[in-house]
Amino acid sequence: MVQLNQNFINSIAQDLPSHLTLDDFIHFCGQPLRLSIRVNTLKISSADFIDRMSPLGWAFEPIPWCQDGFWLTLTTDIQLGNTIEHLQGLFYIQEASSMLPPTALFHDYDWHNTDTLLDMASAPGSKTTQIASLMNNQGLLIANEYSASRIKVLHANVLRMGVSNTALTHFDARVFGEYLYESAHAILLDAPCSGEGTVRKDPDALIHWDPEKIDGIADTQKALIQSAFLALKPGGTLVYSTCTLNKAENQAVCLYLKDLYPEAVEFEDLSQLFPHADKACTEEGFLHVWPQIFDSEGFFVAKIIKKQSIPRLHPAPRKQKNFPFTAASKKQVNGLTDYFKDTFSIQLPVEGIIMQRESEFWLFPAPFIPFIGKMRFQRIGIKLVDSLKQGFKAKHEALMALGHSQHSIALTQNEAKHYLMGRDILLANKVKPHGEVLVSYKGHLLGMAKHLGNKLKNNLPRDLVKDKVALD
């Protein structure tokens with residue numbers, strides 16, 4: 001049962017547009033959210049995913065603002081997060097409204113595969129992985145998260161979805177305006193907020209709603225949006241979004257930026273972003289999505305164009321020293337290329353840069369190189385291998401991002417379940433050992449195993465082992 005603070009109701013009644021009613025708002029806040037997912041097109045097309053899952057009783061209704069997003073109806077009671085397909089990274093469980101900001105960011109965006117995009121508040125990774133999918137793993141996506149615990153979740157989701165073009169950072173996002181001054185072609189600021197739009201997912205979200213906290217949150221958002229605008233290249237696009245409903249954290253924050261830089265800020269009208277978007281559009285062209293309009297979470301999205309350069313606020317920071325990576329030698333690159341090709345039939349992407357740190361070899365997105373020394377990065381690209389005395393040992397994340405199922409051993413449904421639970425797979429007949437091999441299920445990779453002749457020894461990283469795997 002949803003709990004709405006009366007002070008919140010009184011406050012929100014003042015912000016509610018005239019064509020919407022408070023009774024409808026309260027009613028929809030008490031309704032359960034429709035289940036929604038986004039297909040991960042880095043691994044599978046939406047059409048192929050629907051063909052794969054429909055026979056299992058999954059019914060798909062397209063979400064109008066995301067071509068790979070669907071409201072989902074299931075005929076069986078299963079835990080989506082424990083399905084084989086989820087663990088393979090074929091889809092992300094994502095609320096429909098949260099798919100709006102990346103869609104707005106890429107709408108009419110003249111995207112180049114060398115561009116740098118910045119996601120300033122990334123965890124748990126739904127929008128980050130959606131952006132990476134829209135980038136098709138090209139260019140550079142800098143994904144930042146302030147919370148130390150949440151960045152671990154972000155990293156896990158990035159790897160599960162096969163994203164290889166990210167550089168993760170762990171900062172208060174107010175630093176980006178100076179450290180990455182006018183460096184990003186496009187930026188998403190999905191700002192921390194009071195979360196008023198999430199009450200359908202969390203019925204207790206607004207029990208302790210306090211209007212006095214809104215001003216403090218809005219002050220933080222204003223500092224963040226200014227930082228984002230400073231980090232944006234002239235001509236670039238900034239999308240500002242929240243999952244809250246009050247104007248102080250939404251329209252007022254955007255208008256604050258316009259007041260700061262009246263000649264540089266231009267609001268882009270989002271009324272034509274998708275069919276019937278105008279029902280949620282404000283007079284400024286922002287999307288202010290109330291729960292009753294599209295039967296979704298509440299959300300706010302603004303798209304801002306930077307018309308001209310603006311002065312930085314402080315002198316350029318000192319260049320960071322002691323970057324722990326060096327470019328791999330030509331001999332090392334050739335050795336790695338041969339290893340992946342001969343062992344897994346994987347062709348390393350030519351647009352990546354192979355870097356070395358002690359006995360580790362990593363694949364960096366090529367556009368990252370100019371950012372070396374600008375700030376500290378938690379993790380860049382994907383780790384390819386550990387170098388051992390007897391050769392190389394491939395990493396799971398590299399194989400899942402770069403491998404192909406046609407060069408793998410196909411497992412049955414039961415074998416796939418056992419593999420994901422960390423168990424070895426016995427072979428029906430004893431044959432000559434093959435060494436390191438890829439294993440797959442229904443045409444998509446699960447990971448690596450060591451073929452010993454009579455069994456496949458499980459090489460799934462221990463932190464990915466699941467005690468329970470749901471089977472339809």
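# Briefing: aromatic pairs, helix packing and backbone features

Under a cut-off of 6.5 Å between ring centres, the count of aromatic pairs comes to 31. The structure is a predicted model. In one of these pairs, the ring centres of Phe229 and Tyr261 lie 5.7 Å apart and the planes meet at 25 degrees, so Phe229 and Tyr261 are stacked. The points below cover the aromatic residues, two helix packings, helix H6 and the loops.

**Aromatic pairs and cluster**

- The stacked pair joins distant parts of the chain, since Phe229 belongs to helix H9 (residues 211-231) and Tyr261 to the loop between helix H10 (251-260) and strand S10 (265-268), a separation of 32 residues.
- Phe229 and Tyr261 are both buried.
- An edge-to-face pair is formed by Phe286 and Phe300, with 5.5 Å from centre to centre and 70 degrees between the planes.
- This pair also links distant parts of the chain: Phe286 is in the loop between S10 and strand S11 (287-289), and Phe300, 14 residues apart from Phe286, is in strand S12 (residues 299-306).
- Both partners, Phe286 and Phe300, are buried.
- A cluster connected by ring pairs consists of Phe323, Phe325, Trp362, Phe364, Phe368 and Phe377.

**Charges over rings**

- Lys306 is placed over the face of Phe229, 5.2 Å from the ring centre; Phe229 is thus a residue with a stacked partner in Tyr261 and a lysine over its ring.
- Arg34 is placed over the face of Trp71, 3.6 Å from the ring centre.

**Packing of H9 and H10**

- Two packed helices are described by the angle between their axes and the distance between those axes.
- For H9 and H10, the axes approach within 9 Å and cross at roughly 50 degrees.
- H9 is therefore oblique to H10, and the crossing of these two helices is right-handed.
- On the H9 side, the contact is made by Ala218, Gln221, Lys222, Ile225, Gln226 and Phe229.
- On the H10 side, the contact is made by Val253, Cys254, Tyr256, Leu257 and Leu260.
- An α-helix has 3.6 residues a turn, so residues three or four places apart point the same way.
- Phe229 accordingly appears both in the helix contact and in the stacked pair with Tyr261.

**Packing of H1 and H2**

- Helix H1 (residues 6-15) packs against helix H2 (residues 22-29) at an angle of about 130 degrees, and the axes are 11 Å apart.
- H1 and H2 are therefore oblique to each other, and H1 passes H2 in a right-handed crossing.
- The residues in contact are Phe8, Ile9, Ile12 and Ala13 from H1, together with Leu22, Phe25 and Ile26 from H2.

**Helix H6 and its flanks**

- Of the nine residues of H6, eight are buried, so this helix is largely enclosed by the rest of the structure.
- The buried residues are Ser126, Lys127, Thr128, Thr129, Gln130, Ile131, Ala132 and Ser133.
- Most residues other than glycine have a negative phi, and most peptide bonds are trans.
- A cis peptide bond is found between Ala123 and Pro124, with omega about 5 degrees.
- Pro124 sits in the loop between strand S5 (116-119) and helix H6 (126-134).
- Just after H6, Asn136 adopts a positive phi of about 55 degrees.
- Asn137, which is not a glycine, likewise has a positive phi, near 60 degrees.
- Asn137 lies in the loop between H6 and strand S6 (140-144).
- With a relative accessible area of 17%, Asn137 is buried.

**Asn322 and Pro367**

- Asn322 is a residue other than glycine with a positive phi, near 60 degrees.
- Its location is the loop between S12 and strand S13 (326-327).
- Asn322 counts as exposed at 74% relative accessibility, whereas Asn137 is buried.
- Pro367 occupies the loop between strand S15 (360-365) and strand S16 (379-380).
- Pro367 counts as buried, at 16% relative accessibility.
- Leaving aside residues up to four places away in sequence, Pro367 touches Thr114, Thr116, Gly139 and Leu140.
- Between Pro367 and Ser296, the separation is 71 residues in sequence and 37 Å in space, C-alpha to C-alpha.

Terms used. Residues are numbered from 1 along each chain as its sequence is written. This is a predicted model: local features need pLDDT of at least 70, side-chain atom pairs count only at pLDDT 80 or more; totals for chains, interfaces and linings use all residues. Side-chain values use heavy atoms; hydrogens and water are left out. Rings of Phe, Tyr and Trp (its six-membered ring) pair if their centres lie within 6.5 Å; planes under 30 degrees apart count as stacked, over 60 as edge-to-face and the rest as tilted. Helices (H or I, at least four residues) and strands (E, at least two) are DSSP runs, numbered from the N terminus. Buried means under 20% relative accessible area, exposed over 50%, partly exposed in between (1.4 Å probe, protein chains only). A charge sits over a ring if NZ of Lys or CZ of Arg is within 6 Å of the ring centre and within 35 degrees of the ring normal. Axes are lines fitted to C-alpha atoms, for helices over the stretch in contact, and angles run from 0 to 180 degrees between N-to-C directions. Angles under 35 degrees count as roughly parallel, over 145 as roughly antiparallel, 65 to 115 as roughly perpendicular and the rest as oblique. A crossing is left-handed if the near helix is turned anticlockwise from the far one by less than a right angle, and right-handed if clockwise. Contact means heavy atoms within 4.5 Å.
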